[in-house]
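Hello,

Here is the structure for your next round of work. Please look through it first; my notes on what was found follow below.

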Amino acid sequence: MSVKPRGSLIRDIRRARKMSLRELEAQTGLNRGYLSRVERAHIQDVGPEQVRDVAFALRVPEDLIADEETSP
């Protein structure tokens, strides 16, 4: 299963929290290049674990930053 992240919203929330991509990388364990591509919608399908990690780091509900799960 994959999830479609709302990249621009993730970026807006991250910036509102004054968090750099490097800080988000440190908190999620996800590569900042990957996170940047997600934010810019270059990656449009991610695993639910990645969404969960980003949501936890940003302190928001998972369903706020991602659309419903889709089949592979």
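**Surface charge**

A patch of negative charge lies on the surface, formed by E49, D53, E62 and D63. Keep in mind that this is a predicted model. Two helices feed the patch: α4 (48-58) and α5 (62-65) each supply at least two of its residues.

Take D53 from that group. D53 sits in helix α4. Its relative accessible area is 32%, so D53 is partly exposed. Patch members need over 30% relative accessible area and no salt bridge.

**Nonpolar core**

Now the inside. The largest nonpolar core holds 19 residues. V46, V54, L58 and I65 have the most contacts inside it. Three elements give two or more residues each to this core: α1 (7-16), α3 (32-39) and α4. Of these, α4 gives the most, with five residues. Helix α4 thus appears twice in these notes: it supplies residues to the negative patch, and it gives residues to the core.

**One buried leucine**

Is L24 buried or exposed? The relative accessible area of L24 is 0%, so L24 is buried; the cut-off for that is under 20%. L24 belongs to helix α2, which covers residues 21-28.

One distance to check on your side: how far apart are L24 and S8? They are separated by 16 residues in sequence. In space, the C-alpha to C-alpha distance between L24 and S8 is 15 Å.

Best regards

Conventions: Residues numbered from 1 in each chain as written. Predicted model: local features only at pLDDT ≥ 70, side-chain atom pairs only at ≥ 80, totals over all residues. Heavy atoms only, no water. Patch = residues over 30% accessible without salt bridge, like charges linked within 9 Å, V, L, I, M, F, W, Y side chains within 5 Å. Areas by Shrake-Rupley, 256 points an atom, 1.4 Å probe, with all protein chains shown as cover. Salt bridge = Lys/Arg side-chain N within 4 Å of Asp/Glu carboxyl O. Lys, Arg positive; Asp, Glu negative; His and termini not counted. Charge placed at Lys NZ, Arg CZ, Asp CG, Glu CD. Helix = DSSP H or I, 4+ residues; strand = E, 2+ residues; numbered from the N terminus. Buried < 20%, exposed > 50% of the residue type's maximum accessible area, 1.4 Å probe, protein only. Core = buried A, V, L, I, M, F, W, Y, C linked by side-chain atoms within 4.5 Å.
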